[in-house]
Amino acid sequence: QFTKEIAGSISGTNPIEVYPSPANGDVTVNFIVPVQGFVTIELYNALGQKVSDITSGMFNADRYTANFDVSNLPSGTYQVRIANELFTKSTSIVVTK
């Protein structure tokens, strides 16, 4: 199962960054919430099926970090998707065994 840790973080200007990629264990998602509101971050497989909720909830406008474990997933390319009422963005991550 995925574990979650949310904390303030300094990131770049992209709304979502995921590393390392390729990965086979812990993965870090840095994300920016531009305005206070409800945010979801989800993981999708190559078929577009939701694999897991990484985090969701009310966030203040700020930069955050979420950590999760991909060691239980099969090898492949996945999409990490962040969504709120203003936008939906995604980035790819490769999981290797």
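Over the ring of which residue does the charged end of R81 sit? In this predicted model, the answer is Y44, with the charged end of R81 placed 4.0 Å from the centre of that ring.

R81 also offers a way into the sheet, since its bridge partner in strand β8 is S90. The two strands concerned, β7 (residues 76-83) and β8, run antiparallel and are joined by eight bridges. They belong to an open sheet of four strands, in which the order is β5-β4-β7-β8 and the pairing is antiparallel. At the edges of this sheet stand β5 (50-59) and β8 (88-95), and each of them has a single partner strand, so that one side of each is left without a neighbour in the sheet. From one strand to the next, the twist averages 15 degrees. As a general matter, the strands of a sheet pair through backbone hydrogen bonds, and they do so in either a parallel or an antiparallel manner.

Another antiparallel pairing is found between β2 and β3, where four bridges join the strands, and these two form a hairpin that has six residues between them. Within this pairing, Y19 stands opposite T28, a residue of β3. In a regular strand, side chains alternate between the two faces of the sheet. Strand β2 (residues 16-19) shows such an alternation, for I16 and V18 point to one face and are buried, whereas E17 and Y19 point to the other face and are not buried.

Strand β3 leads on to the aromatic residues. A pair of aromatic rings is described by the distance of the centres together with the angle of the planes. The structure holds three aromatic pairs, and one of them, formed by F31 and Y64, is stacked, with 5.6 Å from centre to centre and 25 degrees between the planes. Because F31 lies in strand β3 (residues 26-33) and Y64 in strand β6 (residues 62-69), this pair ties together parts that are 33 residues apart in sequence. Both F31 and Y64 are buried. The rings of F59 and Y64 have their centres 4.9 Å apart, and their planes stand at 70 degrees, so this pair is edge-to-face; here F59 is buried, as is Y64. Taken together, F31, F59 and Y64 form one aromatic cluster.

Terms used
Residues are numbered from 1 along each chain as its sequence is written. This is a predicted model: local features need pLDDT of at least 70, side-chain atom pairs count only at pLDDT 80 or more; totals for chains, interfaces and linings use all residues. Side-chain values use heavy atoms; hydrogens and water are left out. Rings of Phe, Tyr and Trp (its six-membered ring) pair if their centres lie within 6.5 Å; planes under 30 degrees apart count as stacked, over 60 as edge-to-face and the rest as tilted. Buried means under 20% relative accessible area, exposed over 50%, partly exposed in between (1.4 Å probe, protein chains only). A charge sits over a ring if NZ of Lys or CZ of Arg is within 6 Å of the ring centre and within 35 degrees of the ring normal. Two strands pair if DSSP finds at least two bridges between them. Axes are lines fitted to C-alpha atoms, for helices over the stretch in contact, and angles run from 0 to 180 degrees between N-to-C directions.
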